[in-house]
Amino acid sequence: MSLYRHCLIKSMNCMKVSSSDFSRLFHRKSALRCISFSSLISSRTSFDLGRSPTRDSSPNKDYYYITTPIFYVNAAPHIGHLYSAVIADCLHRYKQMRGFTSKFSTGTDEHGLKIQQAAEAAGKDPLSFCTEVSEKFKSLFQSSQISYTDYIRTTGEQHRRAVEHFWTVLYDKGFIYKGVYEGWYSTPDESFLTESQVADSKDKNGKPIKVSLESGHQVEWMKEENYMFRMSEFRPALLQWLRENPRAVRPTKFYNIALQWLQEDLPDLSVSRQRDRLQWGIPVPGDPGQTIYVWLDALINYLTVAGYPEGHSQWWPAARHVVGKDILKFHAIYWPAFLMAAGVPLPQAIYVHSHWTVSGQKMSKSLGNVVDPLERSQQYTADGLRYFLLRQGVLDTDCDYYDDKVIKLLNSELADTLGGLLNRCTAPSINPEQVYPSFCGLCFPTEYVRGSSERKAVPEDYRLVESVSRLSAEVEHHFENLQIYKALETVSHCVRQTNGFFQRHAPWKLDRNNPQDRRWLDTILHVALECLRVYGTLLQPVVPMTADMLLSRLSVEPSRRGWEDLNFLTRYQGENCPFEGRTLGPDTGILFSRLERTEKAECNPKKSKKVK
């Protein structure tokens with residue numbers, strides 16, 4: 001807030017000047033409207049600037065609050081919606097493993113002209129239409145093991161109160177004024193566009209039209225009286241916030257895009273629509289002839305879940321938003337500006353992901369290639385689809401989906417490599433006592449000594465121990481840097497190493513009645529089971545049901561599945577192993593069944609043979 005605006009507000013409060021009179025006074029000094037960042041800071045009455053989004057900078061270090069976008073209910077969920085949710089869920093579970101108290105919110109965005117039109121086309125009242133689609137999202141998330149703590153719908157009463165309060169704060173501070181908006185508007189995107197953001201095109205009948213450069217959707221020219229937000233005043237503050245917080249928007253590619261947008265002037269933003277055009281939304285407080293702009297309404301959901309306006313301080317400084325790249329501007333430009341104006345701290349970070357194509361083509365209803373995530377999760381299992389999305393998804397690059405890729409990946413890494421290893425280690429022919437056997441330090445000494453009569457371990461085995469010993473640190477590094485695919489690649493590499501270890505020493509050839517062979521056989525199994533325990537623990541945020549099945553088979557109780565329990569092969573280090581000697585858990589079947597593709601492009605589980 002400029003010093004001039006600050007003085008005007010103080011004077012207005014003392015003299016009981018109305019908001020409209022204040023607006024007229026302020027406009028007379030339009031030359032001062034482009035305020036500087038330093039004046040915003042020096043006035044001490046403006047906003048709370050977000051600091052660097054690292055754990056140490058979060059005011060509540062032990063709290064973690066992660067959100068997905070709230071999903072628009074004009075159509076059923078697709079694979080991109082699930083991808084957002086799976087990323088957030090994985091980070092939520094990971095932080096819980098690290099000892100954080102984590103809140104995870106998702107939900108549905110249910111206001112706007114697009115919803116109003118879709119409900120009319122379906123012959124339903126808007127609320128019934130919204131409820132029906134919202135339940136589809138909720139059903140998908142529940143079947144996909146999305147462990148949200150909060151599910152918000154913008155038609156809820158608590159959210160309405162939060163939006164009305166936020167609007168009133170902006171209005172009372174003079175950041176919202178009544179004006180006339182004239183320009184381009186995209187109904188499918190619920191977005192106002194400048195001249196530089198639209199291009200000439202033709203509709204299917206060859207008629208000239210204007211379309212959004214970003215989405216390709218047709219736009220219309222509109223002129224109406226509504227409320228405007230003084231977005232133009234926040235460009236310097238937004239620039240400095242981003243420059244001082246290079247990890248505020250991640251990955252770097254999208255941070256640079258946000259910075260590039262701020263190289264141009266920001267026009268004031270229309271934040272309402274006339275009620276006769278848009279009835280399905282929250283009315284402007286004090287002006288029932290206007291409806292609050294759907295994006296301002298929707299963005300406030302993050303505050304609503306945190307407890308705004310009274311009880312949000314515990315969670316809000318810890319906020320991280322997972323969003324698709326198509327809504328980057330709303331979250332990296334509009335949302336921080338709204339928060340600055342309202343005096344609310346900025347989120348710790350905005351995590352941006354790219355889109356999924358299908359066999360190299362953009363998903364669209366017209367092409368008939370929209371992937372139904374509920375159908376695919378039933379075909380490949382919930383964990384299978386989660387694993388594929390996180391293993392193949394790279395945040396700053398569009399990723400391609402096709403069924404053969406899913407089947408090959410899951411068969412290779414979950415069914416054959418990981419599931420096969422567990423199968424071999426627990427097979428009655430290899431492990432008839434069904435125990436977590438003992439480790440022999442003579443067979444596997446801490447140092448490789450050539451010529452030792454008892455030593456059975458070879459140099460490749462020590463490389464395996466080294467790889468698995470540093471695995472948790474590497475996975476942590478990749479998770480913290482939002483490179484979940486790299487974490488899974490690292491785990492998969494270690495699983496392959498462990499299979500190589502098992503194959504190299506062929507325990508099925510050892511004589512259990514020979515004491516020396518028995519010690520080495522038990523040591524092979526101990527090392528392999530310890531590797532599996534680490535893999536199962538690390539995979540919990542990604543494939544929770546599969547990881548639970550694996551750890552339960554190893555008889556690892558829930559209280560020993562945290563990050564602090566990742567001490568690997570403690571007997572090798574001369575310490576006790578709490579699992580040594582215990583009976584394995586019940587055999588509940590194949591860890592992950594192989595998938596086969598049929599002629600109808602469907603896949604059915606095909607169980608692999610268990611080792612007898």
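Reader: In E9, which residue is the bridge partner of tyrosine 181?

Author: Bridges tell you which residues of two strands are matched up. In this predicted model, tyrosine 181 is matched with glutamate 224 of E9. That bridge belongs to a longer run: E5 and E9 (residues 220-229) pair in the antiparallel sense over 10 bridges.

Reader: What is the order of the strands in the open sheet?

Author: Read a sheet from one side to the other, strand by strand. Here the order of the four strands is E6-E5-E9-E11, and the pairing is antiparallel.

Reader: Why is one side of E6 and of E11 left without a neighbour in the sheet?

Author: Look at where they stand. E6 and E11 (269-270) are at the edges and each has a single partner strand, so one side of each has no neighbour in the sheet.

Reader: Which strands does H12 touch when it packs on the sheet?

Author: H12 touches E6, E9 and E11, and its direction makes about 30° with that of E9.

Reader: Okay, pockets next. What volume does the second largest pocket have?

Author: About 620 Å³. Then check who lines it: there are 24 residues, and the closest to the centre are Thr194, Ser196, Gln197, Pro267 and Lys329.

Reader: Which element gives the most to that lining?

Author: E5 does, with four residues. At least two residues each come from E5 (176-186), E6 (191-193), helix H9 (252-261) and helix H12 (328-342). So you meet some familiar names again: E5 and E6 belong to the sheet, and H12 packs on it.

Reader: How do the lining residues divide by type?

Author: Sort them into classes and you get 13 nonpolar, five polar and six charged.

Definitions and conventions:
Residues numbered from 1 in each chain as written. Predicted model: local features only at pLDDT ≥ 70, side-chain atom pairs only at ≥ 80, totals over all residues. Heavy atoms only, no water. 1 Å grid on protein atoms, 1.4 Å probe; cavity = no way out; pocket = protein on both sides within 12 Å on 5 of 7 lines; lining within 4 Å. Points joined across faces, edges and corners; volume = space filled by probe spheres on them. Nonpolar A, V, L, I, M, F, W, Y, C, P; charged D, E, K, R; others polar. Pairing = 2+ DSSP bridges. Contact = heavy atoms within 4.5 Å. Axes fitted to C-alpha atoms, helices over the stretch in contact; angles between N-to-C directions.
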